[in-house]
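User: I would like to learn how to read helix packing and internal space from a set of coordinates. Could you take me through it step by step?

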Amino acid sequence: MIRRSVAIAAALMLGLPTLTAGQASARTAACPVSAEWLDNNGGLERSRAAVRSGAVRVLAVGSSSIEGIGASRPELGFVPRLEADLRARLPGVEVTVINRGIGGETAADTANRLAQEITAARPDLVLWQLGTNDVLRDRSLDALFDDYRRGQAILDSAGVDVMVIDPQRLPEGARNPNFAGRNPALAEVSRLIALEAGRVGYAAFRRFDAMQGWSALPGGGVGPDELHLNDAGYACWAAVTAEGLAAALR
């Protein structure tokens, strides 16, 4: 009975129906929740101290997947789910995750407003999702990483912890010609973002790699537009991110 209850609760967190214990277990297994996709890189010291004090503030910036486009309801997007999942994993800690995602942004757009967002939110930790739109708009790697490093200067000056989130994986059989065949470029940008994060001591969540294990989710976690995550994708991404962050912050 306990195992059945846990399986059903986990499936409900993914926004999926639950009919039997076996069905719930199968659907929960569709999202392999593990801390392995988050590389700490020796960072997150300020955030750990905030957790010990009983309250941590997180600012999430980036483009449409931070904003939550594709979710059937706002509360089913990444940021609200991440906040709830972190609270569940860090009992007694007041967790606040502020959503400042803007659909369509490139790394340049986010870097341009980063200082203002940090001043307004006063975060301990900034989550910066970047790279997908840069690839889809055929921006050069030099331009992307110039903006990445410009953002680094702002983040480091603010004294906040940072976790970067790399691009998402697109459906391998995408019909939209702008999305078809993009995964090799997205994979390379993801690799370089992680390398740079390790160089400067930022935590990095390897979303592109994590999504390889989502094949059993509806659409692989991606909605019918072949770009934005669906409810199951957002739920899985939030759960995996919370698992890694909570382990790093305890």
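User: At what angle do helix 5 and helix 11 pack, and how far apart are their axes?

Analyst: Bear in mind throughout that this is a predicted model. Helix 5, residues 78-89, packs against helix 11, residues 231-249, at an angle of about 40 degrees, and their axes are 8 Å apart. Angles under 35 degrees count as roughly parallel and those from 65 to 115 as roughly perpendicular, with the rest, short of the antiparallel range over 145, called oblique; helix 5 is therefore oblique to helix 11. The crossing of helix 5 past helix 11 is right-handed.

User: Which residues of helix 5 and helix 11 meet?

Analyst: From helix 5 come Phe-78, Arg-81, Leu-82, Asp-85, Leu-86 and Arg-89, and the residues they meet in helix 11 include Tyr-234, Trp-237, Thr-241, Glu-243 and Leu-245, along with several alanines, among them Ala-238 and Ala-242. Sorted by class, this contact of helix 5 with helix 11 holds eleven nonpolar residues, one polar and five charged.

User: How should I read helix 8 against helix 9: at what angle do they cross, and how close do their axes come?

Analyst: The axes of helix 8, residues 141-158, and helix 9, residues 183-200, cross at roughly 30 degrees and come within 12 Å. The two helices are therefore roughly parallel to each other, and helix 8 passes helix 9 in a right-handed crossing. On the helix 8 side the contact uses Leu-141, Leu-144, Phe-145, Tyr-148, Arg-149 and Gln-152, which meet residues of helix 9 including Val-189, Leu-192, Ile-193 and Glu-196. By class, the contact of helix 8 with helix 9 comprises nine nonpolar, one polar and three charged residues.

User: Helix 8 also packs with helix 6; what are the angle and the axis separation there?

Analyst: Helix 6 and helix 8 have axes 8 Å apart and pack at an angle of about 10 degrees, which makes helix 6 roughly parallel to helix 8. Among the residues making this contact are Ala-107, Ala-111, Leu-114 and Ile-118 of helix 6, with Leu-144, Gly-151, Ile-154 and Leu-155 of helix 8. Ten nonpolar, two polar and two charged residues make up the contact of helix 6 with helix 8.

User: Let us turn to empty space. How much space lies in the largest pocket, and which residues line it?

Analyst: The general idea is that rolling a probe the size of a water molecule over the atoms shows where empty space is left. Here the largest pocket holds about 180 Å³ of space, and its lining includes Arg-169, Leu-170, Pro-171 and Glu-172, together with Met-211, Gln-212, Trp-214 and Ser-215. The lining residues of the largest pocket fall into five nonpolar, four polar and two charged.

User: How many cavities of 30 Å³ or more are there, and which residues lie nearest the centre of the largest cavity?

Analyst: The count comes to two cavities of 30 Å³ or more, and the largest cavity contains about 40 Å³ of space. Its lining has 13 residues, of which Ser-63, Glu-105, Gln-129, Leu-130 and Gly-131 lie nearest the centre. Helix 6, strand 4 and helix 7 each supply at least two residues of that lining, with the largest share, three residues, coming from helix 7. By class, the lining of the largest cavity divides into three nonpolar, eight polar and two charged residues.

How values were computed: Residues numbered from 1 in each chain as written. Predicted model: local features only at pLDDT ≥ 70, side-chain atom pairs only at ≥ 80, totals over all residues. Heavy atoms only, no water. 1 Å grid on protein atoms, 1.4 Å probe; cavity = no way out; pocket = protein on both sides within 12 Å on 5 of 7 lines; lining within 4 Å. Points joined across faces, edges and corners; volume = space filled by probe spheres on them. Nonpolar A, V, L, I, M, F, W, Y, C, P; charged D, E, K, R; others polar. Axes fitted to C-alpha atoms, helices over the stretch in contact; angles between N-to-C directions. Helix = DSSP H or I, 4+ residues; strand = E, 2+ residues; numbered from the N terminus. Left-handed = near helix turned anticlockwise from the far one by under 90°. Contact = heavy atoms within 4.5 Å.
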